[in-house]
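Welcome! Below are a few short exercises, each followed by a worked solution. Have a look at the structure, then try each task before reading on.

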Amino acid sequence: MKKFFGNKLAILVFTLPTLIIFSLMVFYPITQVFYKSLFKWNGLGSGSFIAFDNFLRLFDDKLFFLSNKNGFIFAAIITVFQLLMATVLAIAVSTLKMKGRNFFRIAYFIPVVLSVTVVCQLWLSIYNSDYGLLNRFFETIGLDYRQNWLADRKHAIYAIAIVNAWQWMGYQFALILAGIKSIPTSFYEAAQIDGATPVQAHMKITMPLLKETYKFCLLISVTGGIKAFTEMFIMTSGGPGTSSYTLTYMMYSSAFRSNEFGYGLAAAAILVLECLMAILVINFVFKSEPTVGGE
Amino acid sequence: MKKLTALLLIFTLLLFSVVGCSSDNSKTEETTAAAVTTAETQPESTEAEMVTLKIYAQYSDDDTKIPYDYAVVELAKDYPNVKLELDIQAQDDGVKLQTYAATGNLPDIFQVGLSQIETFKESGNIMILDDAAKSTGFLDRAVPSASNIIYNEDGHIYAFPYAGNELVLWYYNKALFEQYNVKVPETYEELLTAINTFNENDIIPMSIFAKEKWITTAMYDVLATRFDSDGIAKLDAGKGKASDEAYAKAAETLNELVKAGMFADGATNTNYDQAASLFYEGKAAMFLNGQWEIQAATDKLGENADWMWYPVMPGYENNKFALSGGGAPGGYAVNPKSEHKELAAEVAAYISEKYCEAKYMYRGNPILAVKVNESIKPETPFPAMMEKLDNELSNITSTTKFAWGLGNPLFKVAIEDQSQFLMTEDYTPAEFIEELDKVIERMNQ
């Protein structure tokens, strides 16, 4: 191994293509986002340099704060729902005594492979205020809880978040299940001999050993929530009014509807910073204590 | 065996990927076959003479497919050496067209609205068509009343309009009004009475596809014209504020109507198909849409379909004949960097005229941008509603603009978002006014 890492040419040959592609496809566009956010620009031509005016305007815009709030609500809902449900279901499915484990393993993952458009159409029907499944369900059980799920300015964002949470829970489920599978059964057997209940065993063995998996799950759900766009684009077009705008939707609306690309890119720059901040915070929270073994 | 199967699967996947990613012209031609006309059947032309023009146009429903297909067939007769390659316009707020322009890939001919004309003008992505309009005779055949949709504010022509001035019509189901003994409302008071009566009988007073923000803009505009005949066009031009009496009253009225139950629950999440079916199935008494709905309404409801003048507000009787809608410059534009820009301009003018013919013949629409040859007759008599509109045209005192005809994109987005917000019960007119005034202030800076 030492010999391999000593070969600088090999390292260069193997990493350079990736670095070039990454720089061209990711790093360069991100720098352009920050650079162009300093311009008054309509997406065509060169625009005029206005320094930080777009950012000053952004911090004076109610819509910016509403979009951020919605992004965080969205992130919080999908994170809590997905991690909790995925954990519970993964533990259940990994239990040897459970019947039909294969069926459930596949069933929970099916929404992930569906197109977002299909899922949104499905939930549009479920949320329909007249004939939707949800309102019908409340009627059937005798509850007078008929709602306009997507037409309510205060609650539309919650309804949309549930759609994303439902669809991508299966992805987190697969990751956590794979993590559980990698834990040697001898750990659980030892815990059983020591008199631990299954809950205690999972709390003391499964959770700590899945720390890295949870970190990854948290990263995807938090950043995915902050930059949510597709569901609100398909289901509500950011509405009613602007009530389900997220920062990404605001960026889209500013750039492509108002032709204010500079302003839209300022929103995008903040979005990039928010995602980076979330990654840093999560990495800090999950920072591993150095162990005697060296890792 | 497993390895062999895996290898085979990978190979198949790669093969499909390669085939899928390859740019096979024959496939492109196949997908656009319905809309492509070639002169291959013309014996006198050869492949070498063929000119292919890329065109970006709407092609999604009868109102857009029928005129396009007709224009293509006619083009093949008069321009046998021209082949059109259709790129179907996406309903994406102009994102695709903007991206084409930004990357230097604009098609030779493209459909464009006013706000994009303004953007493309600044960046040199749209051709001035003044000369082509004269040389092709387009201007000679243009209807005088269509000058507002032909000429831009700067006096130039940037697009050939393929429709006339269109209006927002307030449709109603005569049978339902008769059944529940409701007078067709001419005043606001009568409108409120109608709303109450229909609600008491489980009929939705008005169905509206408020998921689309242009129709909520139209609804607000309809009410704004009750107080100020210029409607939202005045705000778009920066000549008024949302806090002005007329516009504030319009916002309050819309809020009152929402609270009175004029629209169905969850209207802001209702699409066109849902709203239209409520109206056509007799579950809704009134329906708001452009005049292009006349044909469909006649087909579905027959003699029971009609349109009414918008109800009048007390003290504003002079605005009775002010209508929402109207035209704005837009239509088929030409890419100035096109290899065949002169020919493209000629073809754009030709297609626009043929659209008008098709709308006259097959869509029951006599209100067009250009005069149709007298020898051309409509396939079926014009619907009674269209005859009525044609007869009443001279009574119309003013028109405003559709959302897509608004010149300032900042205002367009703001009024679309805010008017949809007003369709929800708990959004106050004060919030509407505050948000809109902020944008208008910014527009005027």
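**Exercise 1. Getting to know chain B**

What percentage of the 445 residues of chain B count as buried?

Solution. Keep in mind that this is a predicted model. Start with the burial count: of the 445 residues of chain B, 49% are buried. Next, list the secondary structure, which comes to 19 helices and 10 strands in chain B. Finally, turn to the contacts in chain B between residues at least 6 apart in sequence: 77% of them join residues at least 24 apart.

**Exercise 2. Reading a sheet**

Work out the strand order of the open four-stranded sheet in chain B, and find its edges.

Solution. Step one is the order, β2-β1-β3-β9 of chain B, with mixed pairing. Step two is the edges: β2 (82-88) and β9 (331-334) of chain B each pair on one side only. Step three is the twist, which averages 30 degrees from one strand to the next. Now look at one pair in detail: β1(B) and β2(B) run parallel and are joined by seven bridges. Within β2(B), B:Leu86 is the residue opposite B:Ile55.

**Exercise 3. One side of a helix**

Find the buried residues named in α4(B), and explain why they lie on the same side of the helix.

Solution. The residues to pick out are B:Leu97, B:Gln98 and B:Ala101, which are buried in α4(B). They share one side of α4(B) because the arc they cover around the axis is only 100 degrees. What covers them? The cover includes α13 (247-257) from chain A, along with β1 (51-57), β3 (109-112) and α5 from chain B. Just after α4(B), B:Gly104 has a positive phi of about 70 degrees.

**Exercise 4. Where the chains touch**

Describe the side of chain B that touches chain A.

Solution. First, count the residues: 28 from chain B and 20 from chain A take part in the contact. Second, find the elements of chain B that give two or more residues to this side: α4 (95-102), α5 (114-122) and α18 (409-422). Of these, α18(B) gives the most, with seven residues. Third, sort the residues on the chain B side by type, which yields 10 nonpolar, 11 polar and seven charged.

**Exercise 5. An annotated stretch of chain A**

Which feature does UniProt place at residues 68-282 of chain A, and how much of that stretch is helix?

Solution. The unreviewed UniProt entry gives "domain: ABC transmembrane type-1" for residues 68-282 of chain A. In the model, this stretch is 75% helix and 0% strand. Its end C-alpha atoms are 19 Å apart.

Note on methods
Residues are numbered from 1 along each chain as its sequence is written. Chains are lettered from A and ligands numbered from 1 in the order in which they are written. This is a predicted model: local features need pLDDT of at least 70, side-chain atom pairs count only at pLDDT 80 or more; totals for chains, interfaces and linings use all residues. UniProt positions are given in the numbering used here, feature names are shortened, and annotations may be inferred rather than shown by experiment. Two residues are in contact if their C-beta atoms, placed from the backbone, lie within 7 Å. Ala, Val, Leu, Ile, Met, Phe, Trp, Tyr, Cys and Pro count as nonpolar, Asp, Glu, Lys and Arg as charged, and the others, Gly among them, as polar. A residue is buried if 20 or more other C-beta atoms lie within 10 Å of its own, exposed if 12 or fewer, and partly exposed in between; C-beta atoms are placed from the backbone. The arc is that of the directions from the helix axis to the C-beta atoms. Two strands pair if DSSP finds at least two bridges between them. Axes are lines fitted to C-alpha atoms, for helices over the stretch in contact, and angles run from 0 to 180 degrees between N-to-C directions.
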